[in-house]
Amino acid sequence: MASPFADAFYWIATALVVLAIPLCLLAQGQRIGRSEQLILWAALLSFLSIVAFLVVLSISFDFGNCPYPSREHPYFTSGRLLNAAAVPFFLIFVYVIDCLGGWTKREWIRWALLGVIALGLTISQLNVNAPAFASRYNFFHRPTH
């Protein structure tokens with residue numbers, strides 16, 4: 001259950017956010033307070049350290065003939081393992097949207113950008129998960145009597 005469109009969006013968005021957040025923090029240091037800056041820097045370092053930890057952990061094991069993770073694709077890429085990186089990433093993601101939307105005084109543009117991204121991700125996930133929703137083995141098709 002995967003979508004090449006969603007995967008490409010996640011890769012590009014993550015790369016842009018990780019590259020843009022230091023620039024936003026350095027350029028807009030006067031706009032936000034010192035404590036907010038420290039929180040955002042800590043979120044960035046937390047996200048990067050979690051990802052680096054998973055990479056090091058993944059390549060330190062020999063997975064042998066295991067189908068997943070394997071020698072060809074040794075990285076732990078399960079969603080459950082990456083949940084720890086979600087909160088700091090979402091925090092910096094929203095701040096980058098706010099920073100990039102700061103070129104205009106219209107607040108609705110920032111909200112519209114966030115809404116379009118959220119709607120696109122929701123539609124993409126519903127499309128990817130449609131086979132699981134239709135499966136007769138899921139919770140929705142459980143007998144009620």
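**Exercise 1. Write down the order of the elements from the N terminus on, and count helices and strands.**

Solution. Step 1: from the N terminus on, the elements of the protein run α-α-α-α-α. Helices here are DSSP runs of H or I with at least four residues, strands are E runs of at least two, and both are numbered from the N terminus. Step 2: the tally for the protein is five helices and zero strands.

Before going on, please keep in mind that this is a predicted model, in which local features need pLDDT of at least 70, side-chain atom pairs count only at pLDDT 80 or more, and totals for chains, interfaces and linings use all residues. Residues are numbered from 1 along each chain as its sequence is written, and side-chain values use heavy atoms, with hydrogens and water left out.

**Exercise 2. Describe the protein as a whole: what share of its residues is buried, and how much area does it expose?**

Solution. Step 1: buried means under 20% relative accessible area, exposed means over 50%, and partly exposed lies in between (1.4 Å probe, protein chains only). By that rule, 28% of the 145 residues are buried. Step 2: the exposed area is about 10700 Å², with 70% of it supplied by carbon and sulfur atoms. These areas come from the Shrake-Rupley method with a 1.4 Å probe, and for residues only the protein chains shown count as cover. Step 3: look at contacts, meaning heavy atoms within 4.5 Å. Among contacts with a separation of 6 or more, 53% come from residues 24 or more positions apart.

**Exercise 3. Find the largest nonpolar core and say which helices supply it.**

Solution. Step 1: a nonpolar core is a set of buried Ala, Val, Leu, Ile, Met, Phe, Trp, Tyr and Cys residues joined through side-chain atoms within 4.5 Å. Step 2: the largest one has 22 residues, and Ile21, Ile92, Phe93 and Tyr95 touch the most other members. Step 3: at least two core residues come from each of helix 1 (4–27), helix 2 (34–59) and helix 4 (86–100). Helix 4 has the largest share, with seven residues. Step 4: zoom in on Ile21, which touches Leu44, Ile92, Tyr95 and Val96, leaving aside residues up to four places away in sequence.

**Exercise 4. How many disulfides are there, and which parts does the Cys24 and Cys99 pair tie together?**

Solution. Step 1: a pair of cysteine sulfur atoms within 2.5 Å counts as a disulfide, and the count is one. Step 2: Cys24 is joined to Cys99, with an S to S distance of 2.4 Å. The link of Cys24 and Cys99 is left-handed, at -100 degrees about the S-S bond. Step 3: Cys24 belongs to helix 1 and Cys99 to helix 4, so the pair ties together parts 75 residues apart in sequence. Step 4: check the surroundings, and you will find both Cys24 and Cys99 buried.

**Exercise 5. Name the residues that line the second largest pocket, and the element that gives the most of them.**

Solution. Step 1: the lining consists of Phe9, Ile12, Ala13, Leu16, Val17, Ala20, Phe93, Val96, Ile97, Leu100, Leu113 and Ile117. Step 2: helix 1, helix 4 and helix 5 (107–134) each give two or more residues to this lining. Helix 1 gives the most, with six residues.

**Exercise 6. Are Ser3, Phe5 and Ser49 buried, partly exposed or exposed?**

Solution. Step 1: Ser3 lies in the segment before helix 1 and counts as buried because its relative accessibility is 13%. Ser3 touches Ser124 and Val128, not counting residues up to four places away in sequence. Step 2: Phe5, in helix 1, has 61% relative accessibility and so counts as exposed. Phe5 and Ser124 are 119 residues apart in sequence, yet 8.3 Å apart in space, C-alpha to C-alpha. Step 3: Ser49, in helix 2, is partly exposed, with a relative accessible area of 41%.

How values were computed. On a 1 Å grid over the protein atoms alone, a cavity is a set of points where a 1.4 Å probe fits but cannot get out, and a pocket is an open set with protein on both sides within 12 Å along at least five of seven lines; lining residues have an atom within 4 Å of a point.
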